[in-house]
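Dear colleague,

I am handing over the structure below, and my notes on it follow directly after. Please read them beside the sequence.

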Amino acid sequence: MAMAGSARVAASERRAALGAFLLTAPGMIFLGLLFAVPLLQLFALSVEGGTTEWYAKVFADGLYTTIFLRTFQIALMVTAAALLIGYPVAFFLATTTPGWRALGFALVMLPFWTSVLVRTYAWMIILGRNGIVNRFLIDYGFIDRPLTLLNTRFAVVLGMVHVMLPFMILPLYSAIARVDPDFARAARGMGASRFQIFRRIYLPLTLHGVVAGVTLVFVVSLGFYITPALLGGGKVTMIAMVIEQQVREFLAWNFAGALSAVLLAITLAVFWLLNRWVAARVPPAAGQGR
């Protein structure tokens with residue numbers, strides 16, 4: 001009897017695994033054809049002829065090293081700003097009434113209904129020398145001459161945060177909504193302050209959501225092109241802009257492939273280190289009642 005039951009369980013697990021494979025197979029094939037294959041072709045171009053001279057050029061020229069560092073700095077700034085803004089918003093959405101939650105989600109999802117290009121042009125109008133911000137400050141006597149807001153790193157970070165904020169809020173909301181509210185009630189009953197409740201209850205139980213949001217925003221921010229190209233005005237160059245320039249202006253597919261491969265390798269290394277850190281320090285999600 002026991003052996004027959006074990007056999008049935010094993011057969012059921014095999015069927016479940018086969019079903020999961022069949023469900024994911026179309027997506028994996030799609031990614032393989034439209035992502036993995038072109039990526040491998042680009043990598044092959046970067047080592048065409050069996051040489052690594054294009055990779056040597058990436059690291060030998062201080063210009064490209066500086067651009068890589070700037071790209072990662074901007075991605076970190078965008079990620080930090082999105083986290084600082086997104087966590088309170090996600091907490092509000094997870095703990096408020098259904099009516100306010102519906103309104104909040106409508107506002108969070110609103111950027112998805114508008115093109116990134118349109119939103120970027122809107123920021124150009126707001127931050128320009130004769131834009132809304134400068135006109136307001138001048139009209140009310142705060143400044144005598146327009147501030148240089150456009151074509152700066154500040155403008156690039158602001159525009160990217162606006163685009164990436166929903167990608168931070170959604171995983172944070174999912175994590176916060178699963179925390180049992182009885183934990184906070186019990187802590188308040190024992191005299192814990194709001195900060196202690198956040199630090200000892202919400203933060204540990206939602207750290208997986210924080211890591212998911214941080215990873216998503218950081219990785220996507222590394223490949224931004226439209227927003228830094230327009231809001232930076234050519235003065236704030238990120239690595240995606242350089243790769244596009246190498247292909248469009250110089251037809252240097254080999255060098256563009258090397259730059260892309262280096263960016264991908266660094267991104268995967270950061271992602272791997274972050275996962276190792278999470279596995280070592282973050283306990284499995286537990287105590288989440290919803």
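Arg248 is exposed, its relative accessible area being 51%, whereas Glu249 is partly exposed at 44% (buried means under 20%, exposed over 50% and partly exposed in between, with a 1.4 Å probe and protein chains only). The side chains of these two residues, Glu249 and Arg248, meet in a salt bridge at 3.3 Å, N to O, the term meaning a side-chain nitrogen of Lys or Arg within 4 Å of a carboxyl oxygen of Asp or Glu. Through salt bridges that share partners, Glu244, Arg248 and Glu249 are joined into one network.

This is a predicted model, in which local features need pLDDT of at least 70 and side-chain atom pairs count only at pLDDT 80 or more, while totals for chains, interfaces and linings use all residues. Residues are numbered from 1 along each chain as its sequence is written, and side-chain values use heavy atoms, with hydrogens and water left out.

The whole structure holds four salt bridges. One of them pairs Arg135 with Asp139, whose closest N and O atoms are 3.4 Å apart; Arg135 is partly exposed at 34%, and Asp139 is exposed at 55%. Another links Asp182 and Arg185 at 2.4 Å, N to O, and here both residues are partly exposed, Asp182 with a relative accessible area of 43% and Arg185 with 47%. In general, side chains of opposite charge can pair when their charged atoms come close.

With best regards
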